[in-house]
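The following exercises are meant to be worked through with the sequence and the coordinates at hand. Each one sets a task and then gives a solution in steps.

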Amino acid sequence: MDNIKISIVLPTYNGERFLADAINSVLCQTEKCWELIIVNDCSTDSTLAIAERYAKADSRIRVFSNAENKKLPASLNVGFREAKGQYLTWTSDDNLYKPHALATMLDYLEAHPETDMVSMNQDIIDEGGKILFDYDKTFKYQRSQAHLLHGCNVGAAFMYRRSVLETVGEYDENVFCAEDYDYWCRIALAGKIDYTEDNVYQYRKNSQSLTALKKSQIEEKTNLIKLKYANLFFDRFKYTQRDKALFWFNMPHYERPEQYKGYYALFKAYKCLMNVALSVLFWHSKWRRSLRRCWSLNYNYSFSQKRGRL
């Protein structure tokens, strides 16, 4: 255990439904020099029993249980305090690594010593494991370090060096529900994040996940984090006046600085023109005739079915 390359922290609370699959996805990795640190956050189901069963079967797996429910950021800190690896990452109890995930992220960081953290692509899957879409397709802005201020574009497939933990510190326990976004912003301001198109992970849309159950809280905390780091991002990444204005224009429920008033007017005019153009295109005579034809065919088909003709 002295030559561990990668430490993976897996915080879990009542994760019995998918936990075994998540652990098995780590066991199936082509890279074998890892440790898995499972932090059980006072689960009331069979989560602890599942985790301990795997720990008994593989010495690379260790299990820690919180004496009280500490929530996700505190559980991450518990896990990373125990981590021994040169490279660090964490995963959720309902998500899956593809077999080459750890090796691909490790190889990238070892080939790019100037990079502190790498973010890779992932599939979005449903609760049954069906692939819904690709993570890259969800972004209005680029998946890049400078555009991190516009939204959390790192995703769940990432790895960073131990030096990041030593420089940036622990996860902020006061921003539960957006602790990852806060941490990525801190890394972006202190070091270098690279993004690749390698698809190495599967993120599950789970109706019982924090993302699904605490949407409003996540949005609120995310906006507060954006406000907290906005000026630092503006300075580090040399945001133009237009870029700054666009950021503030897309921030909901906050007063916009007066110096960008002209840009706001342009953005509003652009949105109005786009809406008008789309409306004209949609209601153009050719489109209207096509829609009428489709409606007529569907109506006649349904009517004939009712009359027993089909």
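**Exercise 1: charges over rings**

Over the ring of which residue does the charged end of Arg 204 sit, and how many Å from its centre?

Solution. The model is a predicted one, and side-chain atom pairs count only at pLDDT 80 or more. The charged end of Arg 204 is placed over the ring of Phe 18, at 4.0 Å from the ring centre. A second arrangement of this kind involves Arg 60, whose charged end lies over the ring of Trp 34 at 3.9 Å from the centre.

**Exercise 2: the overall fold**

Give the secondary structure content, the buried share and the share of long-range contacts for the protein.

Solution. Begin with the elements: the secondary structure amounts to 11 helices and nine strands. Then turn to accessibility, where 46% of the 310 residues count as buried. Finally, take the contacts between residues at least 6 apart in sequence, of which 74% join residues at least 24 apart.

**Exercise 3: strand S1 and its partners**

Describe how strand S1 is covered, and establish which strands pair with S1 and in what sense.

Solution. Strand S1 spans residues 6–12, and seven of its seven residues are buried. The burial holds for both faces, since Ile 6, Ile 8, Leu 10 and Thr 12 point one way while Ser 7, Val 9 and Pro 11 point the other way, and all are buried under the cut-off of 20% relative accessible area. Next come the neighbours in the sheet: S1 pairs with strand S2 (residues 34–40) in the parallel sense over seven bridges, and in S2 the bridge partner of Ser 7 is Glu 35. The connection from S1 to S2 passes through helix H1 (residues 19–27), and this β-α-β crossover is right-handed. S1 also pairs with S4, again in the parallel sense, over four bridges, and there Ser 7 stands opposite Leu 88.

**Exercise 4: the nonpolar cores**

Identify the residues at the centre of the contact network in the largest nonpolar core, and name the helix that gives the most to this core.

Solution. The largest nonpolar core has 40 residues, and those that touch the most other members are Phe 80, Trp 90, Leu 148, Tyr 160, Tyr 183 and Trp 184. Helix H6 (residues 179–190) gives the most to this core, with six residues. Another core, of 29 residues, lies apart from it and includes Ile 8, Ile 38, Tyr 108 and Met 120. To look at one member of the largest core in detail, set aside the neighbours of Phe 80 within four places in sequence; Phe 80 is then in contact with Val 9, Leu 88, Thr 89, Trp 90, Tyr 160, Leu 165 and Tyr 171.

**Exercise 5: aromatic pairs**

Why is the pair of Phe 80 and Tyr 171 described as stacked, and that of Trp 90 and Phe 158 as edge-to-face?

Solution. The structure holds 17 aromatic pairs. For Phe 80 and Tyr 171, the ring centres are 6.0 Å apart and the planes meet at 15°, which is under 30 degrees, so the pair is stacked. Because Phe 80 lies in helix H3 (residues 71–82) and Tyr 171 in the loop between helix H5 (162–168) and H6, the pair ties together parts that are 91 residues apart in sequence. Phe 80 is buried at a relative accessible area of 5%, and Tyr 171 is buried at 4%.

For Trp 90 and Phe 158, the centres are 5.9 Å apart and the planes stand at 70°, which is over 60 degrees, so this pair is edge-to-face. Trp 90 belongs to strand S4 (residues 87–90) and Phe 158 to strand S8 (residues 158–161), so the pair ties together parts 68 residues apart in sequence. Both Trp 90 and Phe 158 are buried. The last step joins the two pairs: Phe 80, Trp 90, Phe 158, Tyr 160, Tyr 171, Tyr 183 and Trp 184 form one aromatic cluster.

**Exercise 6: a buried arginine**

Determine whether Arg 161 is buried or exposed, and list its contacts beyond four places in sequence.

Solution. Arg 161 is found in strand S8. Its relative accessible area is 13%, which is under 20%, so Arg 161 counts as buried. Leaving out residues up to four places away in sequence, Arg 161 touches Gln 86, Tyr 87, Leu 109, His 112, Pro 113, Thr 115 and Asp 116. Of these, Gln 86 is 75 residues from Arg 161 in sequence, while their C-alpha atoms are 6.2 Å apart in space.

Methods:
Residues numbered from 1 in each chain as written. Heavy atoms only, no water. Core = buried A, V, L, I, M, F, W, Y, C linked by side-chain atoms within 4.5 Å. Buried < 20%, exposed > 50% of the residue type's maximum accessible area, 1.4 Å probe, protein only. Helix = DSSP H or I, 4+ residues; strand = E, 2+ residues; numbered from the N terminus. Contact = heavy atoms within 4.5 Å. Phe/Tyr/Trp six-rings, centres within 6.5 Å; stacked < 30°, edge-to-face > 60°. Lys NZ or Arg CZ within 6 Å of the ring centre and 35° of its normal. Pairing = 2+ DSSP bridges. Right-handed = clockwise from strand over helix to strand, strands pointing away.
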